[in-house]
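Student: Let's take a close look at how the helices pack, and then follow the packing wherever it leads. Don't hold back on the detail.

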Amino acid sequence: MTKPSLTLLATLAVVLAGTAVAMIFFVAPEDADQGLSQKIFYVHVPIALTAYACFGLAAWKAFRLLTTRGDRYDLESYTGVHQGTIFGALTLVTGSIWAKASWGVWWTWSSNQLVLFLVLFLFYCAYFMLRYSIEPGPRRERISAVYALFGVALVPVSFLAIRLASDFIHPTVFTRDGPQMTGTMFAAFCVSWAAITLLAYVMYRVELAGKRTDANLRELREALAS
Amino acid sequence: MTGYFADVAALARKDLRLELRARDTLPAMLLFVLATLVVFHFALPADAGDDPAYGLLWVALVFTSLLGLARAWVPEREAGALDGLVLAPTDRSAIWLGKTIASLAFLVAAEVVALPAFVLFFAPLDAHALAGVALASVGICAVGSLVSAMAAASRGREVLLPLIFLPLAIPIVVGGVGASISEEPGKFLAFLGLYDAVFAILSWAAFEYVVTE
Amino acid sequence: MAETPLVRARGVERRYGARRVLHDVSFELGRGGTLVVTGPNGSGKTTLLRLLVGLAVPSRGTIEVGLDRAHLGFVGHEPLVYRELTALENLDLFGRLYRVPERRERIGMLLERFGLWDSRGERVSAFSRGMTQRLALCRALLHEPELLVLDEPHSALDAQGAALLDQELEALVPRCTLVVATHEPERLGTLATASLALGVA
């Protein structure tokens, strides 16, 4: 049964999140250089990874939509993109906070990850503009699916581009990233990552259920009206 | 196989013939790119040097191609000709390829005017920069034809095209500027080649799904 | 004795988002038959015809047409041509795409038959509505389709054009399967072998 399982997952997510918070603040050692602000890393990176996962899921569902005749894939792909965009926005926000805490600036072009997310954020925002300017129907589903697939191709290509660009556009002044994680740090990171992934999944299921209900309701209304 | 390329040729010829007759898109692109370059002169501070100018060249090229791409599918929309093409036994990807080749021809024609103007107004262009322009043009038209068809299927089409196209064009700009100013242009040219390969294949394969239901 | 029908539709449903345009449509059409589709505006005639030629897919149900695209002919509400090309250029393009043998002769013959030979060098944008519709018919007949699907073909034609079309349909019936959506079923009279009435309910 879907319903109890969702509640169970949500509870688990909350528990994990609580554990993660505890571990981040009380168990993991403070970073020598960055101090307290480094703790954002435990949230920022999993959120970024989750965003990638959402976009990947959306692209997979899109691929399924194009290659089979399944009805469900359109909403699943769309929800994936929606979740991904939310987490993408959160990535930008947490990244910005981290940049401010670490280097005193709200934005820096030298963080390849941040720049990549900015490009992706623009791309996937356009997804919604595209989707909502097309009449509902198979045409809209297919075009949305193709767009979602292009997004996934854009990720590695953009990453490469940004890496190349950083050579001549902005010299890497700030060293960052890949902190050498000790055992407890790594544990805290994993718990946090698990919590955020689970949270994302729960949100995905909830939103998908909501969208399906909306669609069924609209269909019923149409059927009653005619 | 020969049938496929014969179709592509027939379709590309049709687009060239239409433009030759209407003469609205290409002159607009030429004028636009020249005007843009002039605007850039005023936008750059006096001591800016050459590097920023190369960046702006790429901005000019991307936005000029947007102008052309916005009109790419207009003849097909006017009297439902696109349906006519989709109905034909032709491979749908051939429709995309024909349109891409025609768009490329127009973009190159605009560049034939824009590049000498750039050299005249701003800075010289070496072989690497020109190779970058060539590779980037292919990528712009390949992705642009597909994306333009998507936008054409929507209600807000003129507004939508830049929104969909620009994020995809960012890697092209990186590659092009890099090929122009970096000490290792080969890297960037290779990257542009990669971009072209990835997105041309993707566009070629996906076009079918954009024009059918 | 009974061969598989050329067109078979089963439980066809077509929705645009929540709006349902076709509901549970089923029929069969044998080779050589002529199906007349009637119904008020908005009953889904155009949608059904587009489903038949593959310009749209059903949301539910199946449509099987035992022919590939090269043998289908379609005249819809739009002429499906290029406005800024001449009649000749349009037909030449589609003739190439459909790999019509002896293309030039066939185009010439069709243009003459539909009274467009003298206007063959004019752009479609200069045509009247009736002439454009006649060109659309030429385009649809260019490759001698085995299944011809016509969506209210008489509506854009003047009296002369309509008479030409009726003549053409009579000539075609022996070797071509026809599906015609129309507001005037009586025009087809004895040609029709089957009929399908779509209602809004």
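Tutor: In this predicted model, helices H6(B) and H7(B) make a right-handed crossing. H6 of chain B covers residues 92-121 and H7 of chain B covers 127-152. Their axes sit 9 Å apart, and the angle between them is about 140 degrees. Angles over 145 count as roughly antiparallel, so this pair ends up classed as oblique. On the H6(B) side, the residues that meet H7(B) include B:Trp96, B:Leu104, B:Leu107 and B:Val108, along with B:Lys99 and B:Glu111. H7(B) answers with a set that includes B:Val133, B:Ile140, B:Cys141, B:Ala142 and B:Gly144. Sorted by class, the residues of this contact come out as 11 nonpolar, 5 polar and 2 charged.

Now set that beside a helix pair in chain C. H2(C), residues 87-97, and H4(C), residues 129-141, have axes that come within 10 Å and cross at roughly 25 degrees. Angles under 35 degrees count as roughly parallel, which is therefore the label for H2(C) and H4(C). The crossing of H2(C) and H4(C) is right-handed too. C:Ala87, C:Asn90, C:Leu91 and C:Phe94 do the touching from H2(C), while H4(C) brings C:Leu135, C:Cys138 and C:Arg139. That contact has 5 nonpolar, 1 polar and 1 charged residues.

H4(C) also takes us to the sheet, since this helix lies across S5 and S6 of chain C, at about 170 degrees to S5(C). Helix H1(C), residues 45-53, lies across S3, S5, S6 and S7 of chain C and runs at about 155 degrees to S6(C). The sheet itself is open, with 5 strands in the order S5-S6-S7-S3-S8 and parallel pairing. S5 and S8 of chain C are the edge strands with a single partner each, so one side of each has no neighbour in the sheet. From one strand to the next, the twist averages 15 degrees.

Zoom in on the edge at S5(C), residues 72-75. This strand is parallel to S6(C), residues 147-151, and the two share 4 bridges. C:Gly73 faces C:Leu148 across that pairing. In a regular strand, side chains alternate between the two faces of the sheet. In S5(C), C:Leu72 and C:Phe74 are on one side, C:Gly73 and C:Val75 are on the other, and all four are buried, so both faces are covered. One strand further in, S6(C) and S7(C), residues 177-181, also run parallel, this time joined by 5 bridges. C:Leu150 has C:Val180 in S7(C) as its bridge partner.

Chain A has a different make-up: 6 helices and 0 strands. Of its 226 residues, 40% count as buried. Among its contacts with a separation of 6 or more, 79% join residues 24 or more positions apart.

That brings us back to chain B, because 28 residues of chain A touch 28 residues of chain B. H4(A), 112-132, and H5(A), 138-168, each supply at least two residues of chain A's side. H5(A) gives the most, with 19 residues. That side of chain A has 23 nonpolar, 2 polar and 3 charged residues.

Chain A also meets chain C, in a contact of 9 residues from chain A and 6 from chain C. Chain C's side there has 3 nonpolar, 1 polar and 2 charged residues.

Conventions:
Residues are numbered from 1 along each chain as its sequence is written. Chains are lettered from A and ligands numbered from 1 in the order in which they are written. This is a predicted model: local features need pLDDT of at least 70, side-chain atom pairs count only at pLDDT 80 or more; totals for chains, interfaces and linings use all residues. Two residues are in contact if their C-beta atoms, placed from the backbone, lie within 7 Å. Ala, Val, Leu, Ile, Met, Phe, Trp, Tyr, Cys and Pro count as nonpolar, Asp, Glu, Lys and Arg as charged, and the others, Gly among them, as polar. A residue is buried if 20 or more other C-beta atoms lie within 10 Å of its own, exposed if 12 or fewer, and partly exposed in between; C-beta atoms are placed from the backbone. Two strands pair if DSSP finds at least two bridges between them. Axes are lines fitted to C-alpha atoms, for helices over the stretch in contact, and angles run from 0 to 180 degrees between N-to-C directions. Angles under 35 degrees count as roughly parallel, over 145 as roughly antiparallel, 65 to 115 as roughly perpendicular and the rest as oblique. A crossing is left-handed if the near helix is turned anticlockwise from the far one by less than a right angle, and right-handed if clockwise.
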